[in-house]
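I opened my notebook beside the structure and worked through it in short entries. Each entry keeps to one topic.

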Amino acid sequence: MTPMEPWERVWIDAEAFGQDIHSYINCTECHGGEAVDDFELAHEGQVERVVNSPEVCGRCHVDVGPTQYDSLHNTLAGYDTALYERSTPENHPALEEMQANHCNQCHATCGDCHVSQPTSVGGGLVSGHDFEASPSMSRQCTACHGSRVKNEYYGANEGVPSDVHFRARMDCMECHTADAMHGMGAAGEQTSRYDGAPDPGCLDCHDDIEMGEDADTEIEMHSAHDEYDLACQVCHSTTYTNCVNCHVEQTEDGVPFYTVEDHYLGFYIGLNTNRSEDRPYEYVPVRHVPIAPDSFSFYGEDLLPNFDERPTWMYATPHNIQRVTPQTETCDSCHDNDELFLTRRTVDRAERRANQDVLVDLDSIP
Amino acid sequence: MLRPRLISALVAGGALLMAAGIAMLSSSVGGVSVSLASPRLEIEPFEDFACLECHADQQRLSELAVEEEAPEALSSGPG
């Protein structure tokens, strides 16, 4: 992403914006402040980010507004789930303080997808304040989903090719639709990005792919396994990023920051702890997430007393799909290959309990 | 300034009922009403020219807009 000049971030392209219905609305209705020709006065009382509220976008976009408000992009409920499951109620206030300092810029507002670059990259109007129906993959989506999704999808991790869909010139929106991004059709309140059926599912598009012994296919690996035994990614995804030990702190001046101590590339097949009718696979790729018992010790002692309640190796759907991967080379790439599966040997001793439901027993490697 | 593409699209979609003589960038402005799935909404006439004029003026913005300190630059590692 090319950096923007400070003026460019706030420059309105009067011609383009003039073609936009929203230019009929007073600036101050969305931004606050006052329409006067004085820099200081004009910005007094200005809202930091235009939020999705019933009064602003939801006033007219009555279909999108309310569901987007309940969507994970707005609530970040996925983070609450990941933290609170590992904690206890008396620690919630300290964790909330931590989240207020470190997670606020992760909430995606309507404007982060349709008007500006997100705060995490310093904001800046994407097309002169024109409201774009289709978000920008590189300036909006991957400005937030940078280090994992972007690097995997674009093939930026050394030695790992880009996603086959990227090479077919597909952008995020071909798979992640307006309805999904607006939280429409979500089955009740969402608590995690993997609630409900896969959205999208690989077979939504690849509806000609059949698996299992009765499958009409030449591909032996497809006919040797059932669709519900292995997630497609077990064969079609490859080496991805795993993160270790996120720590959050503040500088002496009170500026919050976080660091991820380390990350490494790897590919591990583990057991699916999310198993359901919607996600029946027994085996899935799993990714190490950056959390440790003392990740938030800056905000209090022992804030994650139930650390072992949730795995640190999580169900993953990496964005580096390939037709041919190291796994697809021979049957023995997987069968009897301990290295590829997440076992006691791969997992740090201190994290074994947390991951007991994910670990594949050395005696039952298929 | 009329906006033919937008206006014809909206009128065709029944989304926008036009009051006569609306032109944001000219000095005479009227009100617009929009009816989406909700009851009709009145939009106040556009008056915030002071904001628009400054934000469309690259020269003034170059003088006024300065690089903010970005505390998030301290954070590191894949998130």
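**Entry 1: the chains**

I started with the elements of chain A, and I found 17 helices and 5 strands. I noted at once that this is a predicted model. Next I looked up the overall dimensions. The C-alpha atoms of chain A fill a box of roughly 75 × 50 × 40 Å along the principal axes.

Does the radius of gyration of chain A agree with that of a compact globule, or disagree? A compact globule of 366 residues would have a radius near 21 Å, and chain A has 23 Å, so the two agree.

I then looked up burial. In chain A, 41% of the 366 residues are buried. In chain B, buried residues make up 30% of the 79 residues.

Chain B has 3 helices and 3 strands. Along the sequence I read the pattern α-β-β-β-α-α.

I also looked up contacts with a separation of 6 or more. In chain A, residues 24 or more positions apart account for 65% of them. In chain B, the share for residues 24 or more positions apart is 9%.

**Entry 2: the cores**

Which residues have the most contacts inside the largest nonpolar core? I listed A:Ile269, A:Tyr283, A:Val286, A:Trp313, A:Phe341 and A:Leu342, in a core of 22 residues. Strand 4 (283-288) and strand 5 (313-315) of chain A each supply at least two of the core residues. Strand 4 gives the most, with 3 residues.

I picked A:Leu342 for a closer look. Setting aside neighbours within four places in sequence, A:Leu342 is in contact with residues including A:Ile269, A:Val286, A:Trp313 and A:Val360. A second, separate core has 14 residues, among them A:Leu95, A:Val248, A:Tyr299 and A:Phe307.

I added one general note. In soluble globular proteins, nonpolar side chains tend to be buried together.

**Entry 3: a charged residue in strand 4**

A:Arg287 sits in strand 4 of chain A. Is A:Arg287 buried or exposed? Its relative accessible area is 7%, so A:Arg287 counts as buried, the cut-off being under 20%.

I looked up what A:Arg287 touches, not counting residues up to four places away in sequence. The list includes A:Arg148, A:Glu152, A:Tyr240, A:Trp313 and A:Pro318. A:Pro318 is 31 residues from A:Arg287 along the chain, and their C-alpha atoms are separated by 8.9 Å.

**Entry 4: helices 10 and 11**

A:Glu152 led me to helix 11 (residues 146-154) of chain A, where A:Glu152 is one of the buried residues. The others are A:Gly146, A:Ser147, A:Val149 and A:Tyr153. The buried residues of helix 11 pack against helix 10 (137-144), helix 12 (164-167), strand 1 (240-250) and strand 4. After helix 11 comes A:Gly155, with a positive phi near 80°.

In helix 10 of chain A, I found A:Met137, A:Gln140, A:Cys141, A:Thr142 and A:Ala143 buried. Their cover includes helix 9 (110-114), helix 11, helix 12 and helix 13 (172-175).

**Entry 5: loops and backbone angles**

I turned to the loop between helix 9 and helix 10 of chain A, which holds A:His129. A:His129 is not a glycine, yet its phi is positive, about 75°. A:His129 is buried, at 13% relative accessible area. A:Gly122 lies in the loop between helix 9 and helix 10 too. A:Gly122 is partly exposed, with a relative accessible area of 40%.

A:Arg169 is in the loop between helix 12 and helix 13. Its phi is near 60°, a positive value in a residue other than glycine. A:Arg169 counts as exposed, at 75% relative accessibility.

I also found a cis peptide bond. It joins A:Asp199 and A:Pro200, with omega about 0°. A:Pro200 is in the loop between helix 14 (178-181) and helix 15 (202-205) of chain A.

**Entry 6: a pocket**

Last, I looked up the second largest pocket. Its volume is about 300 Å³. How many residues line the second largest pocket? I wrote down 17, with A:His225, A:Leu230, A:Cys334, A:His335 and A:Pro366 nearest its centre. Helix 16 (220-224) and helix 17 (233-236) of chain A are the elements that give two or more residues to this lining. Helix 16 gives the largest share, 3 residues. By class, the lining has 11 nonpolar, 3 polar and 3 charged residues.

Methods. Residues are numbered from 1 along each chain as its sequence is written. Chains are lettered from A and ligands numbered from 1 in the order in which they are written. This is a predicted model: local features need pLDDT of at least 70, side-chain atom pairs count only at pLDDT 80 or more; totals for chains, interfaces and linings use all residues. Side-chain values use heavy atoms; hydrogens and water are left out. A nonpolar core is a set of buried Ala, Val, Leu, Ile, Met, Phe, Trp, Tyr and Cys residues joined through side-chain atoms within 4.5 Å. Buried means under 20% relative accessible area, exposed over 50%, partly exposed in between (1.4 Å probe, protein chains only). Helices (H or I, at least four residues) and strands (E, at least two) are DSSP runs, numbered from the N terminus. Contact means heavy atoms within 4.5 Å. On a 1 Å grid over the protein atoms alone, a cavity is a set of points where a 1.4 Å probe fits but cannot get out, and a pocket is an open set with protein on both sides within 12 Å along at least five of seven lines; lining residues have an atom within 4 Å of a point. Grid points are joined across faces, edges and corners, and a volume is the space filled by probe spheres set on the points. Ala, Val, Leu, Ile, Met, Phe, Trp, Tyr, Cys and Pro count as nonpolar, Asp, Glu, Lys and Arg as charged, and the others, Gly among them, as polar. The radius of gyration is taken over C-alpha atoms; the globule rule is 2.2 Å times the number of residues to the power 0.38.
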